[in-house]
Protein chains: 6
Amino acid sequence: MSNSVTEFNEYRAKMNDEILGANNKILKRIFNLDTNAFQEGALDKRTKEIVGLACSMVLRCDDCVKYHLTKCHELNLSDDQVYEIFSVANLIGGTIVIPHLRRAVEFWNELKQSETNDL
Amino acid sequence: MSNSVTEFNEYRAKMNDEILGANNKILKRIFNLDTNAFQEGALDKRTKEIVGLACSMVLRCDDCVKYHLTKCHELNLSDDQVYEIFSVANLIGGTIVIPHLRRAVEFWNELKQSETNDL
Amino acid sequence: MSNSVTEFNEYRAKMNDEILGANNKILKRIFNLDTNAFQEGALDKRTKEIVGLACSMVLRCDDCVKYHLTKCHELNLSDDQVYEIFSVANLIGGTIVIPHLRRAVEFWNELKQSETNDL
Amino acid sequence: MSNSVTEFNEYRAKMNDEILGANNKILKRIFNLDTNAFQEGALDKRTKEIVGLACSMVLRCDDCVKYHLTKCHELNLSDDQVYEIFSVANLIGGTIVIPHLRRAVEFWNELKQSETNDL
Amino acid sequence: MSNSVTEFNEYRAKMNDEILGANNKILKRIFNLDTNAFQEGALDKRTKEIVGLACSMVLRCDDCVKYHLTKCHELNLSDDQVYEIFSVANLIGGTIVIPHLRRAVEFWNELKQSETNDL
Amino acid sequence: MSNSVTEFNEYRAKMNDEILGANNKILKRIFNLDTNAFQEGALDKRTKEIVGLACSMVLRCDDCVKYHLTKCHELNLSDDQVYEIFSVANLIGGTIVIPHLRRAVEFWNELKQSETNDL
């Protein structure tokens with residue numbers, strides 16, 4: 001894995017452990033819901049991750065974008081598909097989203113690169 | 001069609017004509033992009049309308065929600081599918097989205113009702 | 001109760017029933033969390049409703065503001081206390097919040113008036 | 001004046017009086033700053049009202065848009081100038097701004113109409 | 001103090017001096033209001049800092065969260081109290097707030113650690 | 001040029017090339033619109049860059065602020081003018097904007113410094 005992908009995953013895992021360890025019921029349930037909401041249902045996982053990525057982008061949250069990009073990569077979305085999500089999100093959210101698009105493209109490239117490195 | 005569905009569509013159409021009639025190039029191109037971005041591509045129309053609906057909901061725009069609900073209705077999305085989009089959007093966007101969810105459910109019901117009336 | 005207070009409560013109750021009746025697990029749990037999060041805990045109810053009101057105001061959600069104003073009224077917050085919440089929210093959120101402040105003040109006055117009417 | 005222009009101005013004036021009458025120091029100073037910030041300075045009034053209009057639009061506040069449109073109308077901005085502000089705001093803020101653009105165009109037309117009526 | 005707490009405070013102080021040194025009246029008054037709004041009043045300081053923290057979190061501003069966490073630490077809020085504010089803010093603001101929650105928890109831990117170091 | 005100005009420009013240019021190289025039509029047109037919208041028109045370039053800067057600030061996008069500050073610097077806006085834009089944006093957007101103001105002031109100083117270095 002590229003350094004930035006690994007770093008992102010490790011920080012995320014470490015802090016999630018910390019948060020869940022605090023034993024706040026509401027936060028634990030929100031984290032639990034977050035896992036459940038993206039399971040296969042009336043909509044398939046792919047569609048839900050696409051939704052998660054697009055919403056993260058219009059709300060301009062870099063870490064959320066990275067998380068859902070990782071999931072989209074695991075689910076084998078193609079470059080063209082990912083760029084179509086980017087394009088719809090940038091149209092809806094406006095040019096204010098572009099700096100987040102730049103960082104998303106950089107991370108997407110690192111995900112693809114890390115895959116090659118793992119071979 | 002129910003009154004509120006018809007009213008929404010008529011106001012939308014009337015004001016869009018007004019805006020496009022003003023001959024501002026940038027606005028015309030944005031409207032044009034809006035049509036193109038939701039066409040069949042690497043992602044199908046259904047997925048794109050689902051994305052449009054979810055993004056509209058997390059950004060809390062009632063009229064955008066209504067527009068994409070109308071499209072989802074035309075594309076025959078089921079109740080369960082629409083409620084899954086609602087659930088993901090409310091989880092990502094938080095309880096601040098709930099008042100928009102109420103109005104979305106009301107409009108979705110009117111869309112389904114108007115269909116019955118049209119028979 | 002004044003008409004607008006009653007109308008707000010009735011529409012809210014009706015649509016919440018509709019949403020919960022749809023049996024979407026995620027939405028039901030979000031609604032359930034919403035009830036739990038504002039219960040007495042390490043922070044008392046009053047403080048939590050104050051937080052709910054301030055957050056609703058900076059996020060500029062009129063219906064959420066109305067809901068938490070109703071709760072603050074039930075918990076006997078004084079005018080001065082409510083206006084201090086308004087002032088902090090308008091400072092943090094900026095003058096873009098002012099139109100929501102106007103509607104909040106109007107609803108707060110109706111809540112106080114409805115109380116008189118109920119005597 | 002058209003009814004909706006008059007209604008908007010009257011509600012705004014009435015509620016501002018109510019707010020200022022509550023004697024909350026912070027709110028009074030915010031209202032005072034709001035008046036001062038848009039005075040002639042290193043930037044002229046026109047430029048500041050243009051900024052006020054554009055910011056109100058990207059932040060999607062209909063009432064703020066109406067207020068700054070009224071000021072732009074008083075300062076004799078042309079249709080072309082107002083539509084250029086609209087276009088920049090819709091590009092930066094994205095298509096999520098379009099429903100607010102529709103209501104802005106409607107209000108701008110009413111402002112121009114009310115002027116004719118006043119002759 | 002931990003390095004990140006010190007760094008945050010130093011950068012904040014340095015840039016505030018720079019901003020106030022520019023002698024822009026409006027900005028100076030906004031900074032002044034910011035100090036006044038959080039003073040003891042109809043609501044006590046603690047409640048106001050709790051409001052400041054929650055609003056900063058739902059508006060997803062890391063630096064504002066850090067600032068109000070520092071104040072909450074000075075006012076001796078307990079872990080349980082701080083986590084209840086986090087939980088309400090994450091429920092209202094949605095899972096999009098979680099990355100900010102991670103950084104908030106990290107900073108809160110550093111504040112507690114720095115206290116130990118200062119002994 | 002100062003390091004941070006150069007770094008910002010280089011990263012921006014590199015990632016824009018990457019994005020445009022992906023051949024997504026919608027994204028290419030959005031980038032193209034972005035260039036066109038800020039050209040001389042019914043409003044002059046200066047006014048449009050002022051609008052771009054203010055909108056970027058109220059929407060709290062550091063990179064967008066840096067981009068428009070660079071343009072304002074090229075168009076020879078004075079310190080007083082830039083601070084007036086800052087003040088209006090911070091009033092409209094609230095104190096939640098202040099951390100972005102700090103970084104904006106830092107970048108503006110670097111732009112002025114880089115100019116001196118280039119002599």
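Let's start with chain B against chain D. In this predicted model, the two chains bury about 1,600 Å² between them. Of that area, 68% sits on carbon and sulfur atoms. Chain B puts 19 residues into the contact, and chain D puts in 17. Which residues of chain B lose the most area to chain D? They are Y11(B), L27(B) and I30(B). Together, those three make up 27% of what the chain B side buries.

Now the symmetry of that pair. Turn chain B by 120°, with 0.0 Å of shift along the axis, and chain B lands on chain D. The RMSD is 0.0 Å. The two copies are thus related as by a three-fold rotation axis. Which residue of chain B has its C-alpha nearest the axis? That is R60(B), at 5.9 Å. Do these copies use the same surface or different ones? Different ones: just 5% of the contact residues of chain B recur in chain D.

Next pair: chain A and chain B. About 2,200 Å² is buried between these two. Carbon and sulfur atoms carry 83% of it. A word on the unit: the accessible area lost when parts come together is often how the size of an interface is given. Here, 23 residues come from chain A and 23 from chain B. On the chain A side, look at L43(A), E84(A) and L91(A). Those three lose the most area to chain B, together 24% of what chain A's side buries.

What turn lays chain A on chain B? A turn of 180°, with a shift of 0.0 Å along the axis and an RMSD of 0.0 Å. So these two copies are related as by a two-fold rotation axis. In this pair, the same surface serves both copies. Of the contact residues of chain A, 100% recur in chain B.

Last stop: a helix pair inside chain B. Take helix α3, residues 45–58, and helix α5, residues 79–93. Their axes come within 9 Å and cross at roughly 40°. α3(B) and α5(B) are therefore oblique to each other. Their crossing is right-handed. Who makes the contact? From α3(B), we have R46(B), I50(B), L53(B), A54(B), M57(B) and V58(B). From α5(B), the list is Q81(B), I85(B), F86(B), A89(B), N90(B), I92(B) and G93(B). By type, the contact residues of these helices split into 9 nonpolar, 3 polar and 1 charged.

Key. Residues numbered from 1 in each chain as written. Chains lettered and ligands numbered in written order. Predicted model: local features only at pLDDT ≥ 70, side-chain atom pairs only at ≥ 80, totals over all residues. Heavy atoms only, no water. Axes fitted to C-alpha atoms, helices over the stretch in contact; angles between N-to-C directions. Helix = DSSP H or I, 4+ residues; strand = E, 2+ residues; numbered from the N terminus. Parallel < 35°, antiparallel > 145°, perpendicular 65-115°, else oblique. Left-handed = near helix turned anticlockwise from the far one by under 90°. Contact = heavy atoms within 4.5 Å. Nonpolar A, V, L, I, M, F, W, Y, C, P; charged D, E, K, R; others polar. Least-squares fit on C-alpha atoms with pLDDT ≥ 70 in both. Buried area = accessible area lost by both parts, 1.4 Å probe.
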